[in-house]
Each structure stands twice: as C-alpha cells, then as structure tokens.
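Please consider the following model with attention to how its helices and strands are arranged.

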Amino acid sequence: MKGIIFTEFIDIVEKQFSPEMVDTLLSETNLPSKGVYTSIGNYDICELLALLDVLSKYSGKTVKELLQFFGFHLFGRLASVYKELLADITGTFQMLEKLDDHIHVEVKKLYPDADTPKFEVIHLDTNELKIRYQSSRPLADFAEGLIKGCIDHYNEKLQLTRHNISEYPPYEALFCINDVNGYDK
C-alpha cells in the first residue's frame with residue numbers, strides 16, 4: 001500500500017485526536033516500518049490495520065467507523081493536493097465514472113507500483129450510479145468513506161448505500177449512489 005495513505009493517516013490522527021495518540025499508536029504496535037513512513041514508500045496493509053486496532057481501543061470507535069472517517073477526510077486532502085486531476089470534474093457521479101479510466105491512470109503515472117482498487121460502473125442513469133468495488137485489501141469501509149468525502153466535496157445531496165458481495169479476497173462491494181432530488185449532468 002502506498003505510503004501516502006500512511007502519512008495522511010498519521011496526520012489525520014494527530015489533528016483529529018492528538019500527537020500523543022500517534023505516539024500511543026506507534027508504541028503499542030510492533031510495525032516492521034517502526035512507523036516511519038514516506039509518501040512514496042510501500043507498506044503492508046497489516047500495518048494500517050494494526051494502527052486502526054489500537055486507535056479503536058483508545059477512541060471507542062470501531063475499525064469500520066475509523067476507516068470511513070479516514071476515507072472521508074482523505075478525499076478532501078487528496079482533492080486539495082492533486083487538484084489538477086479533478087480540474088474538469090464537476091460532481092460526484094462524474095468523479096466516480098472517471099475513477100478507473102482517468103484518476104487511477106493518473107495515479108499509476110505518479111506511482112507505477114500502486115495497487116489501486118477497481119471501481120466498475122455497472123449502471124448509470126440521471127439519478128443513480130451503481131459501482132462494483134473490488135480490491136485485494138479489506139478496505140470497503142475506507143472506499144465508502146472516500147465516496148462520502150467526494151459527495152461532501154461537491155456539496156451534493158446524494159444517498160449512498162453499500163452491499164458487501166465478498167468479505168474474502170478479492171473483496172467486493174456494490175455501492176449505489178442515488179440523487180433523490182434528480183441529477184442533471
């Protein structure tokens with residue numbers, strides 16, 4: 001998993017909880033990296049899951065809640081850092097439609113060894129978008145948070161539901177995004 005995910009996670013924990021919480025996470029986990037992350041490095045997903053387990057213990061929030069929280073906040077951060085990738089995108093439906101064919105292609109240019117999840121649009125009309133998510137990692141909650149962050153970023157009133165398809169590798173989920181007020185492309 002790309003180091004930018006880890007560096008942003010540590011940053012969000014520091015800002016939303018405290019620098020002391022970061023110290024606690026790093027001291028209570030036995031991480032191969034010792035918690036020294038660079039944005040361009042590659043790290044095992046097990047490190048993120050270990051950090052989340054300890055954060056869950058101290059925050060009183062479930063790992064699911066924390067992954068969604070992290071994804072939500074990370075979307076805003078990535079939209080700020082990589083705004084050129086989103087320059088021509090005007091809304092959530094358009095963003096999610098272009099995720100695999102545009103955004104992930106650009107991510108691969110920046111990080112050729114990135115293992116991005118697959119977001120396959122399986123249905124689209126003016127009021128509904130259905131996407132099949134597939135990943136080698138158990139991060140559907142994180143993806144859900146990113147989608148919620150995207151909806152918030154574009155300040156849209158959309159309803160999101162998720163149906164897990166497989167909770168074993170490859171992990172799959174179906175995300176349905178509905179514009180209950182009508183969506184105008």
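The description below proceeds from a helix pair to the strands and then to a further helix.

The model is predicted, so that local features require pLDDT of at least 70 and side-chain atom pairs count only at pLDDT 80 or more, while totals for chains, interfaces and linings use all residues. Residues are numbered from 1 along each chain as its sequence is written, and side-chain values use heavy atoms, with hydrogens and water left out.

Helix 1 (residues 3-16) packs against helix 4 (residues 63-81) at an angle of about 105°, their axes lying 10 Å apart. Helix 1 is therefore roughly perpendicular to helix 4, a term covering angles of 65 to 115 degrees. Helix 1 contributes I4, I5, E8, F9, I12 and Q16 to the contact, and helix 4 contributes F69, F70, H73, L74, R77 and L78; contact means heavy atoms within 4.5 Å.

Strand 1 (residues 118-124) pairs with strand 2 (residues 128-135) in the antiparallel sense over six bridges, pairing being assigned if DSSP finds at least two bridges between two strands. The two strands form a hairpin with three residues between them, and E120 has R132 of strand 2 as its bridge partner. Strand 2 is also joined to strand 4 (residues 171-178) by eight bridges, again antiparallel, with K130 opposite C176 of strand 4.

In helix 6 (residues 99-110), the buried residues (under 20% relative accessible area, 1.4 Å probe, protein chains only) are L99, D100, I103 and H104. Viewed down the axis of helix 6, these buried residues fall within an arc of 110° and so line one face of the helix. They pack against helix 5 (92-97) and strand 1.

Conventions:
Axes fitted to C-alpha atoms, helices over the stretch in contact; angles between N-to-C directions. Helix = DSSP H or I, 4+ residues; strand = E, 2+ residues; numbered from the N terminus. Parallel < 35°, antiparallel > 145°, perpendicular 65-115°, else oblique. Buried < 20%, exposed > 50% of the residue type's maximum accessible area, 1.4 Å probe, protein only. Arc of directions from axis to C-beta.
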